[in-house]
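Biologist: Mind if I quiz you on the reasoning behind your labels? Let's pull the model up first.

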Amino acid sequence: MQPVEPRLEAEFMNFSYGYRPGKSAHEAVRSIQKQVRKTPWVIDLDIKEFFENVEHKLLYLALEKHVKESWITMYLQRWLEAPVQLKDGT
């Protein structure tokens, strides 16, 4: 949601690349190449199925902190809780 994006963007660290406007996977690789010269470790997090598994109560608490417009939180809640049906019917 574009009205929320600038508020949340300010919360991310500069070295976070996933699903961020203006940041690409290629930039992430270049950043890692520079960083490994300074430290011998890299942290890689995969959020596959994050929204399916995250406790929604915690997510809603985080949204309340950053999103004051009730209409936005209503739509986000609907999106998060919407049922999904795959091609195979599951």
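Biologist: How many salt bridges does a search of the whole structure find?

Modeller: Two. Keep in mind that this is a predicted model.

Biologist: What makes Glu69 and Arg7 a salt bridge?

Modeller: Their side chains meet at 2.9 Å, N to O. The cut-off is within 4 Å for an Arg nitrogen and a Glu carboxyl oxygen, so the pair counts.

Biologist: And what does the pair tie together?

Modeller: Glu69 sits in the loop between α4 and α5 while Arg7 belongs to helix α1 (residues 5-9), so parts 62 residues apart in sequence are linked.

Biologist: Why are α4 and α5 called roughly antiparallel?

Modeller: Helix α4 (residues 56-66) packs on helix α5 (residues 70-81) at about 155°, their axes 11 Å apart. Angles over 145 degrees count as roughly antiparallel, so the label fits. Their crossing is right-handed.

Biologist: Which residues meet there?

Modeller: From α4, His56, Leu59, Tyr60 and Leu63; from α5, Leu76, Gln77, Leu80 and Glu81. That contact splits into five nonpolar, two polar and one charged.

Biologist: Where in the protein is confidence lowest, and where highest?

Modeller: Helix α3 (residues 50-53) is lowest with a mean pLDDT of 78, and α5 is highest at 89. The protein averages 84, with 99% of the residues scoring at least 70.

Note on methods:
Residues numbered from 1 in each chain as written. Predicted model: local features only at pLDDT ≥ 70, side-chain atom pairs only at ≥ 80, totals over all residues. Heavy atoms only, no water. Axes fitted to C-alpha atoms, helices over the stretch in contact; angles between N-to-C directions. Helix = DSSP H or I, 4+ residues; strand = E, 2+ residues; numbered from the N terminus. Left-handed = near helix turned anticlockwise from the far one by under 90°. Contact = heavy atoms within 4.5 Å. Nonpolar A, V, L, I, M, F, W, Y, C, P; charged D, E, K, R; others polar. pLDDT = per-residue confidence, 0-100.
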